[in-house]
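Let's take a friendly walk through one protein chain. Have a look at the sequence and the structure, and then read on.

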Amino acid sequence: MCGIVGVIACRNVSKILIEGLSRLEYRGYDSSGIAINNEDGVYSHRAVGKVQALKDKFEAYPLDGKIGIAHTRWATHGKPTEANAHPHFSGDDLALVHNGIIENHEPLRRELKAKGYEFKSETDTEVIVHLIHDAMKSQPDLLKAVQASLAKLEGAFAIGVVQKDDNERFIAARKGSPLVVGVGIEENFVASDQLALLHVTDQFIFLEEGDVVELSRDQVTIYDAKGEPQERPISVFNHNIDATDKGEYRHYMMKEIYEQPKVIAACLDGRISETKVLTSCFGADSGFLKEVENIHIVACGTSYHAGMVAKYWIEDLAGLPCTVEVASEYRYRKVAVPKNTLFLTLSQSGETADTLAALRMAKELGYLTTLAICNVPSSTLVRESALTLLTNAGAEIGVASTKAFTTQLTALLITSIAIAVENGLSAEKEKELVQAMRSLPAYVDLALKEDAHIKNVADRFANKHNALFLGRGTMFPIALEGSLKLKEISYIHAEAYPAGELKHGPLALVDENMPIIALVPHNDMLDKLKSNLQEVAARGGELYVFADKDTDLHSEENIIFTEVPKVDSILEPIVHTIPLQLLSYHVAVVKGTDVDQPRNLAKSVTVE
Ligand code: M6R
């Protein structure tokens, strides 16, 4: 999604802004731009495509100044063209960058046109800058004009705005889209996330919904939605700074796949003992575990798949009903909330607009409490949820979620066991599960050892146009996740089915051109799944089987076998995810796609 960087300093800010944009590239975008404010006025460069195209313009035509705003745009209103790229201007007086969507942009545009404003882009953003310009006719102070204008906007926004002739400050604001203030020495910053500013500061202030902030070189003044000045705490960034370094790897995605043993261990650390789940990991308020009678899980994309696995665990271990729903559906329907229901959100970023909207809606619906399982401690989701369990995966840069998913599953397993313990799970069974979890990082490491073999499998796979993923039980959501990963980064059309559904329709697709990826752990469903595979083999389908040795499956004509470590059945969804991540990665590399920033996608989906 769009990314914002803004700086006021005593030095030239163009390099800081460009480095900030490069650090935001992972969020997904299709054009970029910068406006620099100096004594002569506000000047800008904009470019379609990668930030490199913008850098090229800077090299050809350098811009110097001590105040600037910059933007990566992920197109919503209007194609990715230079005219639609931010910053947008009102005359030559004001320049503005925006992340979010202005829902009432059409009536506002009509009003502004009637007042004589000329629009140069198709964006919803351009109305904001003209609105502020118009407000300044009656209220010449930029801060007050911004406050008055924002009150007229419906939708979500984070903005940065600079004014010609004002070389002492710039204004930023957020409502519904993320924005963080970076605090420096005689220089201050804003950005869509902390990673964009780690080259200049590690001190951050998280803005609340509706905050407007005035930034000068030596001061950050924050006003809340009512216009009252507010003090907000400064936090020091404590993520590992090499999150933004690919190290020995060609892509962030591969680095993040290989980090999984380490980050799963970090997710378990302090949350389980030798024999128990430590409920203190839910904070002082873990009393909800005793009261909960139902669980509603709401999330999007990969996080939703993690939620689907948790449904199997919770219903199996705790015997409590659990529903799982995508946030974009949940937020627009009338929800019946049974007594004592836990509302559980899952999100890597903690900034996904649909998930946040679902949480805000849920808070009005009488849930027992709200719990966020999230990877970003400073995110809006964490700040707005009553309880949090952090996944501790470290910053994930690749758009395709990998380590964030397996740590979500780890955190969900901890949660499922904690709830189950209050609902009759024996101490003996708890100990067995916890001991299995302690071996998880080692098994994930073992699963990674198949990398070279999977690379060969990928060579065979890369010319395919379609793929069908099959699994049963907890392997069904993993099949969904495998198919999502494949389509996201290799652009191969892929679908996933519970294997038992094959004969109810999708079997019609099976012929020698349709690869079938089957997830076959050695568990209670093995014989049933083997029958499903027979149905495929009988129709000439090419089977890519991911199974452990005990299944007695192996490579033969039309079967390409990949070994997955044999683990306790509770761990199967996590361990079986690893080869599917590797398969998608290698297929994408063979196909030459942009692995870390696949087309049309964004890392942090901050618009609806
Ligand atoms: O940050 P979130 O976990 O809330 O994001 C939800 C989805 O946008 C995300 O999981 C998406 O599906 C990933 N690109 C999948 O790889």
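An unreviewed UniProt entry carries the annotation "domain: Glutamine amidotransferase type-2" for residues 2-218. In this predicted model, the chain over residues 2-218 is 24% helix and 33% strand. The C-alpha atoms at the two ends of that stretch are 28 Å apart.

Now for some annotated positions. Which residues does the UniProt annotation "active site" cover? According to the unreviewed entry, they are C2 and K603. These two are spread over 602 residues of sequence, yet they cluster in space, with a largest C-alpha distance of 9.9 Å. From this set, C2 is part of the lining of the largest cavity. Along the chain, C2 is found in the segment before β1 (3-8).

Next, turn to a pair of helices, α7 and α15. Their axes come within 8 Å of each other and cross at roughly 165 degrees. Angles over 145 degrees count as roughly antiparallel, so α7 is roughly antiparallel to α15. The crossing of these two helices is right-handed.

Here is who takes part on each side:

| Helix | Residues of the helix | Residues making the contact |
|---|---|---|
| α7 | 260-268 | Q260, P261, I264, A265, L268 |
| α15 | 440-448 | L440, P441, V444, D445, L448 |

What kinds of residues make up the contact of α7 with α15? They divide into eight nonpolar, one polar and one charged. Try finding each of them in the structure, starting with Q260 of α7 and L440 of α15.

Technical notes. Residues numbered from 1 in each chain as written. Predicted model: local features only at pLDDT ≥ 70, side-chain atom pairs only at ≥ 80, totals over all residues. Heavy atoms only, no water. Axes fitted to C-alpha atoms, helices over the stretch in contact; angles between N-to-C directions. Helix = DSSP H or I, 4+ residues; strand = E, 2+ residues; numbered from the N terminus. Parallel < 35°, antiparallel > 145°, perpendicular 65-115°, else oblique. Left-handed = near helix turned anticlockwise from the far one by under 90°. Contact = heavy atoms within 4.5 Å. Nonpolar A, V, L, I, M, F, W, Y, C, P; charged D, E, K, R; others polar. UniProt positions renumbered as here; feature names shortened; annotations may be inferred. 1 Å grid on protein atoms, 1.4 Å probe; cavity = no way out; pocket = protein on both sides within 12 Å on 5 of 7 lines; lining within 4 Å.
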